[in-house]
Amino acid sequence: MILLVQYMLIFTAVLMLVALGGCFSEHSGVINIGLEGIMVIGALGGALVMKFLPPETAPFFVVLLTTLASMLAGMLYSLLLAVAAVNFSADQTLVGTAMNLLGAAAATVFVKAMNTAMDPGNVSSEIVYVHARKALLIAQGTEFSWFMILALLLLIASYVILYKTKFGLRLMACGEHPQAADSVGINVRKMRYAGVMISGLMGGLGGLVYITAGVSAWKFENGVAGFGFLALAVMIFGGWKPHRIALAALLFGLFRSLSNVYTGFDFLRNLNLPSTVYNMMPYIISLAVLFLFSKNSAAPKAEGIPYDKGMR
Amino acid sequence: MQTDKEKSLLRRLPWLQTLLASLVCILLGLLVGYIALLIINPAGANEAFLSIIKNFWSYSKPEKQLKNLGVTLVITAPLVMCSLSVLFAYKVGLFNIGAAGQYVAGAGACLYCALALKLPWIVCLLAAILAGALLGVISGAMKAYRNVNEVISCIMLNWIMLYLVNTVLATVKNPTGKDTYTLASRNPGAILPTVGLNDLFGQKNMTIAVPLAVVMCVVIWVLLSKTRLGYELRATGLNRNAARYCGMRDRFNMILTMGIAGGLAGMGAAFMFLSDFEQWAVTQASVPAMGFNGIAAAFLGGLNPIGAIFSSYFIQHISRGGGHLNMNMYSPQISDLILAVIIYMCGFVLFMKKFMNTQRGTGKKSRKGGRDQ
């Protein structure tokens, strides 16, 4: 049971962070399908810091530096989307798809090249960070990490920023009706850049949290196994609202962790379902929810449409 | 007069613009790949880059070249189908990111029919098409009736299908590995007919899939640009409400589009797995890249069914070429990297065309975005 709660909280943290990131991007009017790729690159940034930090670094600095590295990596990578979507009016879905492929490919090529350069016999795409990971945990021997608290803080921050600050309200205006926002002097391009970059920041951190969940090494060939897409589902399930995204993430996190630890429960084991059922569950639920509630969707009205000043 | 003609050449020939834009994408992709090779290990970069580009030409013997050309063609056929699936939906205004899941559904259906039910190839092929189409219809219906964004529902279905097919095909798994049985060992009757193509190329997996894929491209081209149905579908895609006002069945058209797109992707899976070239690994944890590469091929081919043949071939050529790299020095994922950059650059095609139209014209903005046919 404790194990289930641990996994649930860690997966919830991942999904919540990434979904909140997606929420910022979409509220600014840019669909971010590339969250999966952003997660991989963010994870890579964090993993590199963990690998190369000297072992005697104080735990506080380990947490701080890995967090900053993954955020920075994710943010820089998200610029690819921002440039294409804002400056060049590119098809956002296409660019996002490309970013997912690019993230996994670039990370794999990079890590393999690095491993080979350090040891000619090593052609794997794995980064090991046993030592640094210990610093991320609140209590040794459990899976409770500082990232859970960080995720909670960022949730509160997201809510406040979106609903209580001038910036957040302007950001949302750009996703609803950019022409109207522009007419009252809001710089739509700047706002969309901000939205995408925040999503990169959160997505990158989410990637780092994901690869440190229960394991001390990561093969970058595997990417992040669809978590970016799952986070998109969480965001939609949560109706593009931070507090509801948190609840949705909790539900999805529960099902995702069940597939890891369901054998520990007698009644679940007795059901004799294959573990794939638990893997499928979050997707089936979100599909059903979409089916039921999409008719009056809360999606930002202008998302996915490149901003054109001349359009009415 | 002469200069006037020269000026408008690009504008008069939209397909030339498309070709030019695609070539720019390819060149930039290759450039990034080359730079990556240089950074990793400058000493072998030239050689490695050539081996990616050359693919089967890097073999010296003609028989071996032919055989490896055959392999490239065998994996091109499914990609052509997936790219047809994506471009067909895109022409009708839908982004079929679900080609990947429809491909998975097709793979599951045809392999189950072939290995568990021991059915002949034609039934397996039809099962694959139906499975893909069914998945497409689900997304289409959710879009038409419940206003669910097709991108999102397709992504969900991709993952659901992956886990479902993994579970279903685990029943026909070869106990010695993680792959399903080969068709040759369990049910040779399910392998697509080869009609002598295998002997021609000296490649046993060469089947009618390859010519059939080309035929399907022509069929889709005719359907889209020469028939009333195609016109209606495109009209629905351009403006759903206007189409409805004109008496077209917008909902039905949307569902039909996704159904056809799904069927095409499912057929692609049958081309792959019924040629017995590859088996399904029931432990795979991510959706096969074929469907996503279909997106690349569709856009690189300028969203033209005939262009899709060439772009699909090019993509598989590069992917196979990546396999020829010296693994101790470079990772084969370099070719994935090149492809990803190419897709990314495809996002800028619209901008490039606009640039070509405004740059060389008389200053008057051309309203034609170069959307051929």
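Across all chains of this predicted model, a search of the whole structure finds 19 aromatic pairs. One of them joins A:F11 and A:Y210, whose ring centres are 6.4 Å apart. Their planes meet at 40°, so the pair is tilted; edge-to-face would need an angle over 60 degrees, and stacked one under 30 degrees. This pair connects distant parts of chain A: A:F11 belongs to helix 1 (residues 2–28) and A:Y210 to helix 9 (residues 188–211), with their positions 199 residues apart in the chain.

Both partners are covered by protein. A:F11 has a relative accessibility of 4% and counts as buried. A:Y210 is buried as well, at 8%. A:Y210 also takes part in an aromatic pair with A:W218, and here the arrangement is edge-to-face, with 5.5 Å from centre to centre and 70° between the planes. A:W218 has a relative accessible area of 14% and is therefore buried, since the limit for that class is under 20%. Ring pairs extend the group into a cluster made of A:Y7, A:F11, A:Y210, A:W218 and A:F227.

Aromatic rings also meet charged side chains. B:R146 is placed over the face of A:F291, 5.4 Å from the centre of the ring. Within chain B, the face of B:Y181 has B:R186 over it, at 4.0 Å from the ring centre.

On the surface of chain A there is a nonpolar patch of about 720 Å². The residues that make it are A:I138, A:W146, A:I149, A:L152, A:L153, A:I156, A:Y159 and A:V160. Among them, A:W146 is found in helix 6 (residues 146–164). A:W146 counts as partly exposed because its relative accessibility is 40%, a value in between the limits of 20% and 50%.

The same kind of search, run for salt bridges over all chains, finds 4 in the whole structure. Three bridges in chain B are listed here.

| Salt bridge | Closest N to O distance |
|---|---|
| B:E150 and B:K143 | 3.1 Å |
| B:E232 and B:R228 | 3.4 Å |
| B:R240 and B:D250 | 3.0 Å |

In the bridge between B:E150 and B:K143, the acidic residue B:E150 is buried, with a relative accessible area of 5%. Its partner B:K143 is partly exposed, at 21%.

How far apart in helix 11 are B:E232 and B:R228? They are 4 residues apart, and therefore separated by about one helical turn. This helix covers residues 228–238 of chain B. B:E232 is buried, at 13% relative accessible area, whereas B:R228 is exposed, at 68%.

The bridge between B:R240 and B:D250 connects two helices of chain B: B:R240 lies in helix 12 (residues 240–245) and B:D250 in helix 13 (residues 250–273), so the pair ties together parts that are 10 residues apart in sequence. B:R240 counts as partly exposed, with 23% relative accessibility, while B:D250 counts as buried, with 4%. Salt bridges with shared partners join B:R240, B:R244 and B:D250 into one network.

How values were computed
Residues numbered from 1 in each chain as written. Chains lettered and ligands numbered in written order. Predicted model: local features only at pLDDT ≥ 70, side-chain atom pairs only at ≥ 80, totals over all residues. Heavy atoms only, no water. Phe/Tyr/Trp six-rings, centres within 6.5 Å; stacked < 30°, edge-to-face > 60°. Buried < 20%, exposed > 50% of the residue type's maximum accessible area, 1.4 Å probe, protein only. Lys NZ or Arg CZ within 6 Å of the ring centre and 35° of its normal. Patch = residues over 30% accessible without salt bridge, like charges linked within 9 Å, V, L, I, M, F, W, Y side chains within 5 Å. Areas by Shrake-Rupley, 256 points an atom, 1.4 Å probe, with all protein chains shown as cover. Salt bridge = Lys/Arg side-chain N within 4 Å of Asp/Glu carboxyl O.
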